[in-house]
Amino acid sequence: MGKTWKKGRRNKNGEPPKKRPNTQGVPGDWKEIDKSCPQFEKYYQELGIIPEDEWSSFMEHFRADLPATFRIINSRGDSQSMSEILQNKYFSKLDGITVNGKPAPLPQVLTWYPNRLAWQLNMSRAEIRYSAEYLSLHQFLVAEAEKGSVARQEAVSMIPPLLLDAQPHHNILDMCAAPGSKTLQILEAVTSTEGVMPTGVVIANDGDYKRCHMLVTQTKRFNNPAYMITNEDATRFPNLKVLGPGDKTQVLKFDRILCDVPCTGDGTLRKNYAIWGKWSQAQALGIHKLQRRILLRGMDMLKPGGRLVYSTCSLNPIENEATVLSALRDRPEFRLLPTEGCLEGLKRVEGMTNWRVMHSSGTWYNKFEEVEDRHRKAIAPTMFSGDAAVHNLQYCMRVYPHLQNTGGFFICILEKQQVEERTQVKASEIETIADLPDKTENKDENENEESKSEEAKTKENDDDSTECKPNIHKDTNVLVDKMKWKNFQGYREDPFIFLKPDASAFDSLKDFYGLSGKNFPFSNIYVRSQETKQRNLSVTGDTIKQIIELNTNRIKVIQCGLKLFSYCKEEFSPCNYRLLQEGVHFTSRFMSQKVFQVTEKDMGLVLSGTPTHKTELEPEIGKSLLDMPKGIVVFSLAAEGIRPTIMVTVYSTVNHVKSYITEEEKNHYRILLGLEPLVTKREEKKLASLQYHQQKREETAKRIAAEKAAAELSEPAETVREEGDETVNSVNAPETIIS
């Protein structure tokens, strides 16, 4: 059968799309973005969020491009080394050079970020990407971001996770996590530099199935076994069961919750240019109720004494102070914490305590009683200030672009004080409670309702006192949970199946790597398939294991834990599984075999681009490797000074060894050792692309100049004939006057 012809895309009239003209980089072919919005300016001037003398500076910064910002991630204790390398090797090259005839701006440290590990460069990301002077810095940041050592993140987006004050023992929930930059900060705060299993758990949730897989890409760079990605509606996030004292089930309460809720995003005008043309006050009125429901649900899941951070990238008080105020009225056990002493060096403005509400028709209202009946469908009582002063809304934080050349943001900290849990819920709040499928699990165990039948009472008591008894498959060595379908969005995920500690899959691991069943958490290893040959073995914490086993019919889990081993063929190694680089820091602590303490010279050899013969290594290590079968071993280089311990998975063949890591990881470790990074395939393509486009621009400029010169030569000469005061152009004159 011949090749199938694929029909191209058509528009709504069935016509093929028109081909875009080939501009080839000629300036002036693109239409300038209109960065003006009279409705936006009029609305916020009427609200008075900015003093009149600062308004022009406020709008000038909004119309300017957003500076590029990035921070160093302290995932393996190498933050100080990376900071020195950045400043001495890359920032120093920018000193004294010019870009487009102007001195190149140098990165400036964000003084309010802890340990001075964040920088801001007063150039847009596009300018850095296509600038030859910043090519090496850009390539370094891209490679390290891929490795997980650097995060390119907007400055104001770094604030909420810092105010969360997350600790390794905390149970933390990020309710609206995608795309994941704030989740990375939380994981950074709770991840141990020694690879120790955290006692808490981090759950990153998002209601969009596709965006959840963006979280998977982000979090896989962090070697943390105590995190989970879920796909749930934040307004109805389910109560999760875990084991309590006496192996009785109880509802999981969180120590920290981040509510970075969906918003209109008018604080991101500097990077989201589309908002200039479609901004409307009606958007804030429409999203206020959704934000309120998410916040109330988060407050209900917080542990007494816990902390919740609410944030938006909007400037509108309807989305910010009004949402927080209405939640404080409904949850009197909460209070706002002051933010004045937090993050010294960060310029901010206090939260608003008085504001008006404008309908999309342009009518302003001071209180809900003034709202016309025809406008009450769009305007709710929860949008007005009312008793705002009583609840200390001045403790909220507003960040404006002109203060420190950033984007716009709103942040506040809420703390739960009351020890007694809420047992009664208003009828208007039922939509915010997500006790699925049991509606009584937040109530006291001894509470009895007369309206319940004896059968319902018995079922409730069984649910509250049931021990964790996972279902054991009869024919395999795995624990099987029968997942009940709960009308989940998107594709149905593969199940999480925890292996038994004596599963046959562990036999070769114990023999090859010397893993001990007494120390290594075999009971926390899971797979995603019930087939005989499991592709990957991953580990997770005790709390996540309980959540998966006790809540498979309640919550949709996308990913969790840390991947340790991957299946390999017998030709690769006698062991059925090879150790992965992402799990080497966690697993090496339990290995009694295949871990070699090497010198800096040997580590540099295996990090080269070619295989190293075993005789080139230290004699003792080379001899040991020659006596070993093929497979993955670990080369460990002890810490020295500010350089952390370096661990690399190395594939040992009959006569050679070679690092079994990605190009980005290889260059990361070479930089830490003071070696020059190797040119990766991505960098080769990038350099070739820059050279190609530069050549095209030069050819286009020459072609345009030649065409212009040819056009001037082909034009007829102009003669001028004076008749009194009249001047006649020969081009437009009759032929008789043309000489």
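Helices (H or I, at least four residues) and strands (E, at least two) are DSSP runs, numbered from the N terminus. You're looking at a predicted model, where local features need pLDDT of at least 70, side-chain atom pairs count only at pLDDT 80 or more, and totals for chains, interfaces and linings use all residues. Residues are numbered from 1 along each chain as its sequence is written, and side-chain values use heavy atoms, leaving out hydrogens and water.

**Stop 1: backbone oddities**

Select P179, in the loop between β7 (171–174) and α7 (181–190). The peptide bond leading into P179 from A178 is cis, with omega near 5°.

Next, pick D247, in the loop between β10 (241–243) and β11 (249–251). It isn't a glycine, yet D247 has a positive phi of about 55°. Its relative accessible area is 40%, which makes D247 partly exposed (buried is under 20%, exposed over 50%, partly exposed in between, with a 1.4 Å probe and protein chains only).

Now jump to N392, in the loop between β17 (364–365) and β18 (397–399). Here too phi is positive, near 55°, in a residue other than glycine. N392 is partly exposed, at 29% relative accessibility.

**Stop 2: aromatic rings**

The whole structure holds 31 aromatic pairs. To count, rings of Phe, Tyr and Trp (its six-membered ring) need centres within 6.5 Å; planes under 30 degrees apart are stacked, over 60 edge-to-face and the rest tilted. Show Y43 and W279: their ring centres are 5.7 Å apart and their planes at 50°, so this pair is tilted. Y43 is in helix α1 (residues 38–47) and W279 in the loop between α9 (274–278) and α10 (281–300), so the pair ties together parts 236 residues apart in sequence. Y43 is buried at 1% relative accessible area, and W279 is buried at 9%.

Then go to F572 and Y651, a stacked pair with ring centres 4.2 Å apart and planes at 10°. F572 is in the loop between β26 (562–567) and β27 (577–579), Y651 in strand β31 (residues 646–652), 79 residues apart. Both F572 and Y651 are buried.

Back at Y43, widen the selection: F40, Y43, Y44, W55, F58, F62, W276, W279, W364 and Y400 form one aromatic cluster. Add R356, whose charged end sits over the ring of W364, 4.5 Å from its centre (NZ of Lys or CZ of Arg must be within 6 Å of the ring centre and within 35 degrees of the ring normal). For another such case, show K594 over the ring of F512, 4.3 Å from the centre.

**Stop 3: helix α18**

Which residues of helix α18 (residues 619–626) are buried? They are I621, G622 and L625. On the face turned away from that buried side, look for the exposed residues P619, E620 and K623. The buried residues pack against β28 (595–597), α17 (600–606), β30 (631–637), β31 and β32 (656–659), where contact means heavy atoms within 4.5 Å.

**Stop 4: a four-stranded sheet**

Finish with the open sheet ordered β4-β5-β1-β6, with antiparallel pairing (two strands pair if DSSP finds at least two bridges between them). Its edge strands, β4 (108–109) and β6 (150–152), each pair on one side only. Zoom in on β1 (residues 68–72) and β5 (residues 118–121), which pair in the antiparallel sense over four bridges. In β1, label T69 and look across: Q120 in β5 stands opposite.
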